[in-house]
Amino acid sequence: MEKYVLYFKEIDKTHLPFVGGKGANLGEMTKTGIPVPQGFCVTTLAYRKFIETSQEMEELFNRLDRVSPDSLEEIRELGQRIRKHLQSISMPDDIQSAILQAWERTGDGKSYAVRSSATAEDLPTASFAGQQETYLNVRGQEQLLHAIQRCWTSLFTDRAISYRAKNGFDHRSVFLSVVVQEMVFPEVSGIMFTADPISGNRKIISINASFGLGEALVSGLVSPDLYQVRSGEIIKKQIARKKIAIYPVPEGGTITKNIPAEKQEAQALSDRKILQLAKIGQKIEEHYRSEQDIEWCLVDGKFYIVQSRPITSLYPVPHITDDKLHVFFSFGHQQMMTAAMKPLAISFWRTMMPFGKKGSVRSESHAFLEAGGRLFIDITELLCLKPVRKILPRVLSGIDELIASAISELIERGDIQCKPNKQVKRKVVRTVLPIAKNIIKNLFFRDPSQGIKYVNDFMLRSIKECDSFVNGVFGAERIKRIQESLGNLLLSSNALPYPLSGVVAWKLIERLSQKWLGDQQSVHLLNKLKKSLPGNVTTELGLMIGDLADAARPYPQVIDYLQRAKDETFYEGLGRIRGGDAFGRKLVQFMDKYGMRCPGEIDVTNPRWREAPTLLVPSIMSHIRSVAPGEHREKFRRGEREAEQAAKEILSRIGKIRGGYLKKKLMSRLITVFRNGMAMREHPKYIIVQHFDIYKQAILDEGRALVGKGILEHEQDVFYLSLEELLALEENRFSGSIRELVQSRKIKYEQYQKLTPPRVMTSEGEVITGRRRDIESPEGALTGTPVSAGVVEGVARVVLRPEEAKLNPGEILVAPFTDPGWTPLFNSAKGLIMEVGGMMTHGAVVAREYGIPAVVGIDKATEIIKDGDYIRMDGTQGYVQILKGDRGA
């Protein structure tokens, strides 16, 4: 490829390295028969030769390599210097000659639009929209050459430099082509999205239209008309007042004119033209097989397309095999871990889910689907059952208020039209009935204090059996056994009815207390019942972290070592310092019980504490800074005493009312069931995580064997494969390049990490956000769901990952979410704020046990609240205020 110029009719998607994303798209559309104004591209070869004429660019590129995306002043100074330098260089003669020859052939008397087209632009993963320059109504040789050189220079605008630095693009590897396109003079122009960019609905085409050139719309100078089309029908028309328009002038350039008053509120496109344009949009989307952001214009009654790029802001939709409307809600929001997961973790959960399987127990569920590296639960068939429609939103409200609200909204809209599936109904009954029977037995007949012993005994027996079953064989048979064990894991678990009994007992306690006592004093006492539950594995985990901190306190060398330790040599280095043995013994005890846990533990591929002990260091150090020796244990004992005293006061008050003897006896039973049952809230997940640990070690063992055979490059490459793909590898029936597949999955995983998953979405891509209940809050306050009562003020400590936490005494923890891996930080926190969660999710329950206020479900809390802000949070009403003035005032 040695050409400086390529005409649109010569270009297709394979030319992207030479003409950039915009140029490749224009060539593709030209060849497909889409109406595109003719033109040509000045290739990246011309840009590279132009850059090579500079004696200074190598040193300037070196400076660009070092610049941070946040160093705005440095970017401004450096960008200005590069642009000034490049504008001073003469364009090589052979490049000028090639450009002018193409210009004369296309029509030297015409006007042109000259646009930059970067090689990293208009891609499915990064649009780079608006990063480089556009010049309109360019006429004549001198204007054309000047505009092209200005386009090259625009690769180094402040925003373009910052965008590349922020998104990890090498400044040297992004090249620039320039699109030179015949200028058309439209009566109307605008933008068309082949999916609704607001709701995400892939069935709706959204069109913006205004008079004149589209530049007024793109630059935000005018509010356009909005038209929406679905299935060939206009479903929405929103006519805006269009006060100005931009038009070309004969001598080149553009002019802004006022639109006559009588025309300002006229419909820019007729209904017939709206539907005609929508069909063109559908054709372009079908060609690219992805939703498109399209720039269009209307000239003498004919539509022209001047640009098309993928819409990069849409969240991917779970894949389904029929054309019915499906409803999905986010599993990550329910599990308090919304980060992207690797393919092996996705495969684990899909295999473990007992619903939605059409094959054997080893197959993956069709009710548990992946999108954007996250899992979504397809609840469509459940919503066909009338009882589920009533019960499910109530159940989900304890997980996340906005999820429950969104599901209720969909039910009320009547979008879900289906008949109950008898097989689904039978499976629901077969699943729910045994659990319900066990809950009744736990509530009224079984000894609540024996529940924890029973579940712990079951857990130890199950883990031992799993280890023997999985590790008794190797190769393909071991993968099959992992699939089988996963497929039976939830079906064989006997732990779930116990925490559910605690939930039901609590609902009865609340209802009966309100009925029998009905005052604020009883509410205060009820909150104390939640403190220091006996035998809670997550609470015990937090207490043992406190023990580790206390074991390190007497030894300055241990504290110093922990802050510089490396995972690879952690234990070896610990044994060489004073106090290391004493601390090490405590650490071994901790790892024996909880070493298989970690933050984000539902992703089996995440490093466990046993594998990366340095992950625990921030929690240990925060505890040392903010909690006195032994205070964590004393605080727990104090919580036990407060709960015991609260129970006595509640029972004493009930005993004094009419029928008090029987009511007191019932309440006493419910309190005992609640405290023992809710203590096991984390046991089902703890059991799952321990099984995951066995599976993970076995799969890594297989990974090492595959590396030894030269099939995989690294043992952890198994994390980017599903269980079925691993089995195919083991059985020598995998087709294609496994290394290429792994590499592409790694790239996708990095891209997925940048996405924000919706709580609820449909198979049409529509994101349902839900509405939060109205609460009384001060003006400007951030509102969420109150989950642990109390009002506190303090410094906000924003923590995105617990391994980076540095909590100090009296600080309020602000996090995207929390799971058991975050528990060690709760001893140090004065309050808790989370972006996701509900009354019954991990952070809420633990906050109540620790007696600290908590508000959850505040979208973008970790962005709005800045690290170090002084804030007031109300865990009773559910709001947070960012206070102005001096901290501590």
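**Exercise 1. Two helices side by side**

Determine why H18 and H28 are described as roughly antiparallel to each other.

*Solution.* The structure is a predicted model. Two packed helices are described by the angle between their axes and the distance between the axes. Helix H18 (residues 476-492) and helix H28 (residues 683-708) pack at about 170 degrees, and their axes lie 11 Å apart. An angle over 145 degrees counts as roughly antiparallel. H18 and H28 are therefore roughly antiparallel. On the H18 side, the residues that meet H28 are Arg478, Ile479, Ile482, Ser485, Leu486, Leu489 and Leu490. Their partners in H28 are Ile688, His691, Phe692, Tyr695, Ala698, Ile699, Asp701 and Glu702.

**Exercise 2. A second helix pair**

Describe how H4 and H6 pack, and state which residues make the contact.

*Solution.* Helix H4 spans residues 72-87 and helix H6 spans residues 140-153. The angle at which they pack is about 150 degrees, with 9 Å between their axes. That angle makes H4 roughly antiparallel to H6, and the crossing of the two helices is right-handed. H4 contributes Arg83, Leu86 and Gln87 to the contact, while H6 contributes Gln149, Arg150 and Thr153.

**Exercise 3. The span and covering of H21**

Compare the reach of helix H21 with the expected value, and state how many of its residues are buried.

*Solution.* H21 comprises 16 residues, 537-552. From its first C-alpha to its last the helix reaches 23 Å, which is close to the 22 Å expected at 1.5 Å a residue. H21 is mostly covered, with 14 of its 16 residues buried. At the start of the helix, a side-chain oxygen of Asn536 comes to within 2.8 Å of the backbone nitrogen of Thr538.

**Exercise 4. Two loop residues**

Decide for Arg202 whether the residue is buried or exposed, and do likewise for Gly232.

*Solution.* Arg202 sits in the loop between strand S6 (188-193) and strand S7 (204-211). Its relative accessible area is 18%. Since buried means under 20%, Arg202 is buried. The side chain of Arg202 reaches the backbone oxygen of Tyr315 at 2.6 Å. Beyond its neighbours within four places in sequence, Arg202 is in contact with several residues, among them Thr194, Glu291, Pro316 and Glu764.

Gly232 belongs to the loop between strand S8 (225-230) and strand S9 (233-238). Its relative accessible area is 52%. Because exposed means over 50%, Gly232 is exposed. Gly232 and Ile624 are separated by 392 residues in sequence and by 65 Å in space, C-alpha to C-alpha.

Definitions and conventions
Residues numbered from 1 in each chain as written. Predicted model: local features only at pLDDT ≥ 70, side-chain atom pairs only at ≥ 80, totals over all residues. Heavy atoms only, no water. Helix = DSSP H or I, 4+ residues; strand = E, 2+ residues; numbered from the N terminus. Buried < 20%, exposed > 50% of the residue type's maximum accessible area, 1.4 Å probe, protein only. Polar contact = N/O pair within 3.5 Å; in protein donor to acceptor, adjacent residues only side chain to side chain. Contact = heavy atoms within 4.5 Å. Expected span 1.5 Å × (residues − 1). Axes fitted to C-alpha atoms, helices over the stretch in contact; angles between N-to-C directions. Parallel < 35°, antiparallel > 145°, perpendicular 65-115°, else oblique. Left-handed = near helix turned anticlockwise from the far one by under 90°.
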